[in-house]
Amino acid sequence: MKRRELIRGFIALGGCAVCAGMARASEGPHWEYKGEHGPDHWADLDKANAVCSAGGQQSPINITSAIRAEVDPITVSWKKSSAKIVNNGHTIQINMPEGSSISRNGKVYDLLQFHFHAPSEHLVDGMTHPMEVHFVHKNKKDGDLVVLGIFMMPEQKHDAFSMLARYFPQTEGAEGKVEAFTPSDLLPQGLEYWTYEGSLTTPPCSEIVTWMVAREPLKVEQVSIQAFTSIYSSNARPVLPINRRLVLMSQ
Ligand SMILES: [Zn+2]
């Protein structure tokens, strides 16, 4: 797929801030995960990225102490479907058709896309996981984002992730279509989570994300993790200071 089509594809998704960030990155200043265009320099690459350095609510974070609280449970309503899969130069992303959502505290957030990082972006007590998947949801009315992050570690056969791994487009800008799958197969058994207010973990680092990070990792096959790391082995933004934020933990 040509780059212009890729950009149009992101815009067609309806102005999702994560996607807009990706599109802008493709169009404008090039950013990376290391070197001159790496995370320490994202704010210098474009005025629109200023909050990457100046912000006080940045993501990811190292989750060290959390407060047990009565946080709202999540209701996941993800529908079985096929989907487009793209290699956008920063990650492998699955763009979901309309119809999947989560609800939390009576508010509905549509599932726009999910994508992967290796190693994990969030740390738990300083420890990293081999991978992390981000399910990006957006409320239609106010544009609020809720991202559900799930750690992934090698342990056992996992049909849904193995299937997706077979479709990973190898080259930047390449895309494909994955066969129908059930996204909730990518959830761990328990959905207890940590939650905090944060940001996009890619430029422009907008502080518009309520993060929910599942406490139980998803167990997948090592060979499927390698299918991702053979394409992207280091696409994780380093952790940022938590500052005055609280991390709450569902009970
Ligand atoms: Zn992400």
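Let me start with Pro 60, which lies in the loop between helix H4 (51-54) and strand E1 (62-63). Helices here are DSSP runs of H or I with at least four residues, strands are runs of E with at least two, and both are numbered from the N terminus. The peptide bond that joins Ser 59 to Pro 60 is cis, with omega about 5°.

Before I go on, a word on the source. This is a predicted model, in which local features need pLDDT of at least 70 and side-chain atom pairs count only at pLDDT 80 or more, while totals for chains, interfaces and linings use all residues. Residues are numbered from 1 along each chain as its sequence is written, and side-chain values use heavy atoms, with hydrogens and water left out.

Back to the backbone. Another cis peptide bond joins Ala 118 and Pro 119, with omega about -5°. Pro 119 sits in the loop between strand E7 (107-117) and strand E8 (123-124).

Next, positive phi values. Asn 105, in the loop between strand E6 (101-104) and E7, has phi near 55°. Asp 125, in the loop between E8 and strand E9 (131-138), has phi near 50°. Most residues other than glycine have a negative phi, and most peptide bonds are trans. For accessibility, buried means under 20% relative accessible area, exposed over 50%, and partly exposed in between, using a 1.4 Å probe and protein chains only. Asn 105 counts as exposed because its relative accessibility is 61%. Asp 125, at 54%, also counts as exposed.

Now the metal. Which residues are the protein donors of the zinc ion? They are His 115 (NE2), His 117 (NE2) and His 134 (ND1), at 2.0 to 2.1 Å from the ion. His 117 in strand E7 and His 134 in strand E9 link distant parts of the chain, 17 residues apart. Along the chain, the donor spacing reads H-x1-H-x16-H. Donors are N, O and S atoms within 2.8 Å of the metal (3.2 Å for Na, K and Ca); water is not among the atoms, so sites may look incomplete. His 117 has 2% relative accessibility and so counts as buried. His 134 is likewise buried, at 2%.

Last, the disulfide, defined as a pair of cysteine sulfur atoms within 2.5 Å. The count comes to 1. Cys 52 is joined to Cys 205, S to S 2.1 Å. This pair links distant parts of the chain, 153 residues apart: Cys 52 is in helix H4, and Cys 205 is in the loop between strand E12 (193-198) and strand E13 (209-214). The disulfide is right-handed, because the torsion about its S-S bond is about 90°. Both Cys 52 and Cys 205 are buried.
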